[in-house]
Amino acid sequence: MRRRTRSASHCPMARPGIDGGRAPREERKRKRRGGPTTERRAESYGPKRPRGAPAGTPAEVEERADYFDGLPDDLVVSVLSKLCSSARRPLDLISALLTCKRFHGLGHHPVVLSKVSAGCLGVRANTWSDSSHRFLKRCADCGNLEASYMLGMIRFYALENRGSGASLMARAAIGSNPAALYSLSVIQFNGSGGSKNDKDLRAGVALCARAAFLGHVDALRELGHCLQDGYGVRRNVAEGRRFLVQANARELAAAMTSWPAWQKQPRQAAAAAGATSPGCCPLLSDYGWNVPAPAPHPANRFLVEWFRERGWPAAAAAEGLRLCSYSGCGRPETRRHEFRRCSVCGVVNYCSRACQALDWKLSHKSECVPTDLQALDGDGAPAGDDGPPAVDGAAGTD
């Protein structure tokens with residue numbers, strides 16, 4: 001009996017176009033159910049995603065995109081420069097540099113370092129190190145005037161590198177930095193770093209006038225005393241008094257701006273002073289007004305902490321060298337009898353008349369006791385005068 005066989009058309013092996021004639025079982029089931037085939041599924045989902053590409057739809061990928069990496073470097077440098085110029089403490093800059101690797105790299109850009117503010121450069125004496133020195137030096141090399149002034153003060157007075165310190169302060173003064181101009185005027189008045197014959201009073205007055213023109217309150221006060229006493233300039237009492245009143249007014253305005261609570265006190269102070277006008281605002285202690293002590297510059301604060309924590313060197317004490325008696329100054333003598341002393345008690349000494357005026361209002365007014373009762377009738381503070389007494393010049397020789 002002849003065996004019956006299937007025709008080639010019914011054999012699955014002979015079907016062309018379906019996996020060499022052998023269709024997978026899943027494909028046959030999907031066809032019977034009416035589901036999409038492999039080719040149609042590939043067309044519906046689009047092209048195959050490359051390896052390493054982010055998963056998800058284009059909208060989801062765009063939503064997760066990091067636009068910070070797409071910002072140009074110039075824009076990031078501009079933002080960091082604005083941050084550094086308004087920062088009040090070094091931690092603000094350090095926190096920004098530690099945010100990411102890009103901030104850390106662009107944070108050392110010369111444009112950013114040239115804009116670092118004085119508060120951000122305020123290195124403390126207890127954290128002084130070679131890295132702090134290098135950071136200040138790098139900022140100074142990038143054209144930062146505050147860094148040049150601060151590093152100049154530290155080198156001149158703390159590290160006793162007179163030439164390099166004076167050069168850095170001169171660089172800042174050429175750029176019209178008021179604090180550097182005033183510090184150089186103090187050096188010229190005292191002949192710091194040299195002998196007594198190195199004093200240049202006229203140069204000191206010129207530097208002081210330039211700093212006062214730029215708004216430095218201590219320089220304005222120093223210039224007023226120079227005019228009153230005829231120290232390095234022709235004597236003009238009226239003009240000197242005008243500068244002193246102007247310095248007091250600027251100091252009062254700065255104090256009221258810094259402390260909003262003081263806005264409520266003018267009427268109370270005026271009533272206590274017996275003023276007729278309710279809006280009258282007396283000036284400072286010698287006019288019946290008491291304001292807080294102005295915050296010292298970070299460079300002066302560093303000097304105060306430096307000599308307080310490390311102690312005044314025994315060699316300097318043996319030579320009779322002293323520090324400025326004003327607590328917010330920190331300048332030391334570079335030779336014996338460099339600073340001028342109080343003409344009444346003779347106990348305290350000051351690097352400038354501005355420091356003496358500030359210390360008189362803060363503490364010395366209540367502590368000054370004349371060594372001779374006749375001093376009150378002589379060159380000391382006259383009766384009824386609430387201003388500081390005169391200061392004597394250096395009495396010794398080098």
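Guide: A charge sits over a ring if NZ of Lys or CZ of Arg is within 6 Å of the ring centre and within 35 degrees of the ring normal. Keep that in mind as we look around this predicted model.

Visitor: How far from the ring centre of Phe156 is Arg162, which lies over its face?

Guide: The cut-off to beat is 6 Å from the ring centre. Arg162 passes, lying over the face of Phe156 at a distance from the ring centre of 5.4 Å.

Visitor: And which ring has the charged end of Arg340 over it?

Guide: Here the distance to the ring centre is 5.0 Å, with the limit at 6 Å. The ring under the charged end of Arg340 belongs to Tyr231.

Visitor: Moving on to H10, which helices do its buried residues pack against?

Guide: Start with who is buried in H10: Gly165, Leu168, Met169, Ala172 and Ala173. They span an arc of only 145 degrees around the axis, so they end up on the same side of H10. What that buried set packs against is helix H9 (145-158) and helix H11 (178-190).

Visitor: Which exposed residues does the face of H10 turned away from its buried side carry?

Guide: To count as exposed, a residue needs over 50% relative accessible area. On the face of H10 turned away from the buried side, the exposed residues are Gly163 and Ile174.

Visitor: What does H10 reach from its first C-alpha to its last?

Guide: H10 covers residues 162-174, which is 13 residues. At 1.5 Å a residue, the expected figure is 18 Å, and the helix comes close to that. Its reach is 18 Å.

Visitor: How many residues apart in sequence are the parts tied together by the pair of Trp128 and Phe302?

Guide: Searching the whole structure turns up four aromatic pairs. Trp128 and Phe302 make one that is edge-to-face, 5.4 Å centre to centre with 70 degrees between the planes. Trp128 sits in the loop between helix H7 (110-113) and helix H8 (130-141), while Phe302 is in helix H16 (residues 298-310), so the distance in sequence between the tied parts is 174 residues.

Visitor: Is Trp128 buried or exposed?

Guide: Buried means under 20% relative accessible area. Trp128 comes in at 16% relative accessibility, so the verdict is buried.

Visitor: Which residues is Ser132 in contact with, leaving aside its neighbours within four places in sequence?

Guide: Ser132 is part of helix H8. With a relative accessible area of 14%, Ser132 is buried. Once neighbours within four places in sequence are set aside, its contacts are Val123 and Thr127.

Key:
Residues are numbered from 1 along each chain as its sequence is written. This is a predicted model: local features need pLDDT of at least 70, side-chain atom pairs count only at pLDDT 80 or more; totals for chains, interfaces and linings use all residues. Side-chain values use heavy atoms; hydrogens and water are left out. Helices (H or I, at least four residues) and strands (E, at least two) are DSSP runs, numbered from the N terminus. The expected span of a helix is 1.5 Å times one less than its number of residues. Buried means under 20% relative accessible area, exposed over 50%, partly exposed in between (1.4 Å probe, protein chains only). The arc is that of the directions from the helix axis to the C-beta atoms. Contact means heavy atoms within 4.5 Å. Rings of Phe, Tyr and Trp (its six-membered ring) pair if their centres lie within 6.5 Å; planes under 30 degrees apart count as stacked, over 60 as edge-to-face and the rest as tilted.
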